[in-house]
Amino acid sequence: MTAEIPLLLRQEGARIPAVKRYRDKFENHVVLVTGGAQGIGAVTAASFSYQGAHLVLVDMNEAKLKETAAKLTADGAKVMYQVCNLTDEAAVHKTIENVIAALGKIDVLVHLAGIYPFKLILDATSSDYQRTMSVNMDSTFHLVKAVLPHMNKAGYGRIITTTSGAALQPEAGLAVYAAAKSAVLLFTRAVAMEAGPGYDGESGLREMFSRAVARQAVKRYGLPTDVADMICFVASPEAEFLTGQNFDVGGGFTHGA
Ligand SMILES: NC(=O)c1ccc[n+]([C@@H]2O[C@H](COP(=O)([O-])OP(=O)(O)OC[C@H]3O[C@@H](n4cnc5c(N)ncnc54)[C@H](O)[C@@H]3O)[C@@H](O)[C@H]2O)c1
């Protein structure tokens, strides 16, 4: 089985308790990771696998994809892989159909495939622009369109897309990348308004809460456990790298105005 992932870059001198991962946490979950051949995608895949998930790795780099899939399989992981250029709409839909045919469902989509070429704007060509937009944003559009109907049918699903600090605090040389990733950010928020119907809670709560629910993406009342679970996560060693952030546990309320 996949070895515990070493956290090599923990803050020096800090006495951070060991990260606890539960081997059965994602048992019976099909987790599809794009960009799974290398980098953050491969590490994310290994982490889900360690916690029991059935992995689907998707990437266009066939050689690296096979290598990573073989390594994970040798470690005891359940892995299916699909070679796909995620800018190709038809190929994305075919890939998702293949996964559904083989495994019956996709519980979690983690879309990590992306590119971040550094080019000063006066050096960037329109084909640089098209490619950066396409790999980062078009792929997100294709994947969401392909996966969401299956999640709706199953009544469950989590979609995690990837943006970048560059979308909020751009650096020189990353103008197009920042544009693509801010598009991903707002697209994801907007899709959440359609994709997160949740369920209706019990009736009879005060009108104010009903108005809030109407504005939320997840159509149910917030519960104390929703907040407690978020606090547990933020307080945990896994969240060591999160700091100075505001976490809105509101079912999408602030984006529904
Ligand atoms: N590394 C960072 O510091 C950082 C910071 C902020 C955001 N991000 C984002 O995180 C994600 C992962 O970053 P990373 O550093 O692991 O990247 P990486 O370059 O190591 O890996 C990206 C993977 O995506 C695949 N890929 C690229 N284009 C593809 C396409 N058209 N179809 C299918 N697969 C494709 C590549 O083959 C590669 O395996 C990216 O979306 C990136 O923009 C990374």
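Contact, as the word is used here, means heavy atoms within 4.5 Å. The structure is a predicted model, in which local features need pLDDT of at least 70 and side-chain atom pairs count only at pLDDT 80 or more, while totals for chains, interfaces and linings use all residues. Residues are numbered from 1 along each chain as its sequence is written, and side-chain values use heavy atoms, with hydrogens and water left out.

## The nonpolar cores

Leaving aside neighbours within four places in sequence, V56 is in contact with V30, V31, L32, V33, M80, V99 and L103. V56 is also among the residues with the most contacts inside the largest nonpolar core, together with L32, L86, V92, I96 and I106, and this core has 18 residues. A nonpolar core is a set of buried Ala, Val, Leu, Ile, Met, Phe, Trp, Tyr and Cys residues joined through side-chain atoms within 4.5 Å; buried means under 20% relative accessible area, exposed over 50%, and partly exposed in between, with a 1.4 Å probe and protein chains only. At least two residues of the largest core come from each of β1 (30-34), β2 (54-59), α3 (89-103) and α4 (126-154), where helices (H or I, at least four residues) and strands (E, at least two) are DSSP runs numbered from the N terminus. A second, separate core of 17 residues includes V31, A37, A46 and L57. In soluble globular proteins, nonpolar side chains tend to be buried together.

M80, which lies in strand β3, is buried at a relative accessible area of 16%. Beyond four places in sequence, M80 is in contact with L55, V56, L57, N98, V99, A102 and L103; the C-alpha atoms of M80 and L55 are 6.2 Å apart, with the two positions 25 residues apart in sequence numbering.

## The ligand site

The shell around the ligand consists of 22 residues, of which Q38, I40, D59, Y116 and Y177 come nearest; a residue is near a molecule if one of its heavy atoms lies within 4 Å of it. The shell divides into ten nonpolar, ten polar and two charged residues, where Ala, Val, Leu, Ile, Met, Phe, Trp, Tyr, Cys and Pro count as nonpolar, Asp, Glu, Lys and Arg as charged, and the others, Gly among them, as polar.

The table gives distances between ligand atoms and polar atoms of the protein.

| Ligand atom | Protein partner | Distance |
|---|---|---|
| oxygen | N or O atom in the side chain of Q38 | 2.8 Å |
| nitrogen | N or O atom in the side chain of N85 | 3.0 Å |
| nitrogen | polar backbone atom of C84 | 3.5 Å |

Taken alone, the ligand exposes 830 Å², and the protein buries 79% of that; accessible areas come from the Shrake-Rupley method with a 1.4 Å probe, and for residues only the protein chains shown count as cover. The elements that give two or more residues to the shell are α1 (39-50) and α5 (175-195).

N85 itself is placed in the loop between β3 (78-83) and α3, and at 32% relative accessibility it counts as partly exposed. The side chains of N85 and T87 are joined by a polar contact of 2.8 Å, a polar contact being a pair of N or O atoms within 3.5 Å; within protein, one must be able to donate a hydrogen and the other to accept it, and residues adjacent in sequence count only if both atoms are side-chain atoms. Not counting residues up to four places away in sequence, N85 touches M60, A91 and V92, and its C-alpha atom is 8.7 Å from that of V135, 50 residues apart in sequence.

## Buried polar side chains and exposed positions

Within helix α4, S139 is buried, with a relative accessible area of 1%. The side chain of S139 reaches the backbone oxygen of N136 at 3.4 Å, and, beyond four places in sequence, S139 is in contact with L86, H111 and S134.

Q51, in the loop between α1 and β2, is likewise buried, at 8% relative accessible area. Its side chain reaches the backbone oxygen of S47 at 3.2 Å, and, leaving aside neighbours within four places in sequence, Q51 is in contact with R21, Y22, R23, D24, K25, F26 and E27.

N28, in the segment before β1, counts as exposed at 61% relative accessibility, and N28 has a positive phi of about 65° although it is not a glycine.
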